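Let's take a friendly walk through this protein, from its inside to its sheet. Have the sequence and the model open as you read.

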Amino acid sequence: MKLATKMIHAGAEPDPSTGAIMTPIYQTSTFVQAAPGDHKGFEYARSQNPTRFALEAAYAEIENGKFGLAFSSGVAATDAVMKLLQPGDEVICANDMYGGTYRLFTKVYEKFGIRFHYVNMQQADNMKAHVNANTKLIWTETPTNPLMNITDIAAVSAIAKANGLLLCVDNTFASPYLQNPLDLGADIVMHSATKYLGGHSDVIQGCLVMNDPALKDQLYFIQKSCGAVPGPMDCFLVLRGIKTLHVRMQRHCENGEKVAHWLRQHPKVGQVYWPGFDDHPNHAIAKQQMRGYGGMISFELKNDSIEEARRVLSSTKVFSLAESLGGVESLINHPASMTHASIPREERLKNGLSDALIRLSVGIEDADDLIDDLAQAIG
Ligand SMILES: *Cc1c(COP(=O)(O)O)cnc(C)c1O
């Protein structure tokens, strides 16, 4: 089935009790049994909920995977993957990734004896020096948040397979419309469904998708044992969001391209980070593994003082100043003080994330209005 058809029909079956075309919100904590153990496959809603199951089937389908699992946030999905590990295990991860993932790794999991090696994954071979007998997992994100670097998923997967390591890819920025890591050899795909999958800035949720039944059993066990499950209303919202993912992403891509090119020719704008540019350092790989370049763009002003960045950040009228991304409305964000403040300043600077960097989540409004807004804000 083609992508557009899949987005609309993924996970959707008429409700068996009424024929309702939309999956009902099964707002219930438990299910009545006819006799002890005699039930319809649903016992208690932390373990089974029909609305969540419909969404989990949709997650699997749109990522070309066999199994999907929904979590109460993207971070909870990441947390479930980390719980596959034991004290003493080591993880190789990208040195440029979502601040909350870095915080979870350094502030929570290091304490439990997991070791993390942060490497520049733009060259997959950089990882090789860190592989040893304790290495269990490779964690990467592509495009990265906020510097829009690209990891060659197939190359990283080859190294993972050669060394018997699990590879998990955070696919939040691309969305399944632009990129499918399982097809490129990843073992697990993770999403913050809060972003493009939900698409309307009205829900917090995460997911994991995988093909291996044994891995799915382990992660399902963690999901029900640790309990970070989303409620049925939130599952309904994401199911609804997924139905328009392809249409939204097309417009995010078109608007992103227009805004990126406009920014680049602006005399007051310095570096613009967007993987669609021919001269982006990883453009060739982006072109190979993605079907488009999305609506996430970061840029620096030539006047790289933090005051100038703050002035622009406070002057937009259509772009709202807020954390998060992937909704229909455009957002502007200051990674150093907002989304990535949990990463120490020296670490940020070392990885090329300057205090003056501005990140845009280009929405699906009219591109002319977005450009006019940035024009008046940059001045
Ligand atoms: C937002 C985000 C997360 C965390 O997801 P939550 O839903 O906020 O918990 C993880 N990775 C990336 C790339 C994100 O943008």
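## Around Leu 360

In this predicted model, Leu 360 touches plenty of residues from elsewhere in the sequence. Setting aside neighbours within four places along the chain, its contacts are Val 259, Leu 263, Gly 295, Met 296, Ile 297, Phe 299, Phe 319, Leu 331, Ile 332 and Leu 374.

## Two nonpolar cores

Leu 360 also turns up in the largest nonpolar core, a set of 63 residues, where Tyr 59, Leu 263 and Leu 360 have the most contacts inside the core. Which helix gives the most to this core? That's helix H9 (residues 245-265), with 7 residues. Both domain 1 (3-242) and domain 2 (245-378) chip in, with at least three residues each.

There's a second, separate core too: its 29 residues include Phe 71, Leu 85, Cys 168 and Met 190. As background, nonpolar side chains in soluble globular proteins tend to be buried together.

## The sheet

Now look for an open sheet of 7 strands, with mixed pairing and the order S1-S7-S6-S5-S4-S2-S3. At the edges sit strand S1 (67-71) and strand S3 (115-119), each pairing on one side only. On average, neighbouring strands are turned by 20° against each other, ignoring direction.

Zoom in on strands S6 (residues 188-192) and S7 (residues 206-210), an antiparallel pair with 5 bridges. Here Met 190 stands opposite Leu 208 in S7.

## Helices on the sheet

Helix H4 (residues 99-109) lies across S2 (90-94), S3 and S4 (135-141), and runs at about 150° to S3. Helix H5 (residues 153-162) packs on the sheet as well, touching S4 and S5 (166-170), with its direction at about 155° to that of S5.

Key. Residues are numbered from 1 along each chain as its sequence is written. This is a predicted model: local features need pLDDT of at least 70, side-chain atom pairs count only at pLDDT 80 or more; totals for chains, interfaces and linings use all residues. Side-chain values use heavy atoms; hydrogens and water are left out. A nonpolar core is a set of buried Ala, Val, Leu, Ile, Met, Phe, Trp, Tyr and Cys residues joined through side-chain atoms within 4.5 Å. Buried means under 20% relative accessible area, exposed over 50%, partly exposed in between (1.4 Å probe, protein chains only). Helices (H or I, at least four residues) and strands (E, at least two) are DSSP runs, numbered from the N terminus. Domain bounds come from an automatic or database domain assignment. Contact means heavy atoms within 4.5 Å. Two strands pair if DSSP finds at least two bridges between them. Axes are lines fitted to C-alpha atoms, for helices over the stretch in contact, and angles run from 0 to 180 degrees between N-to-C directions.
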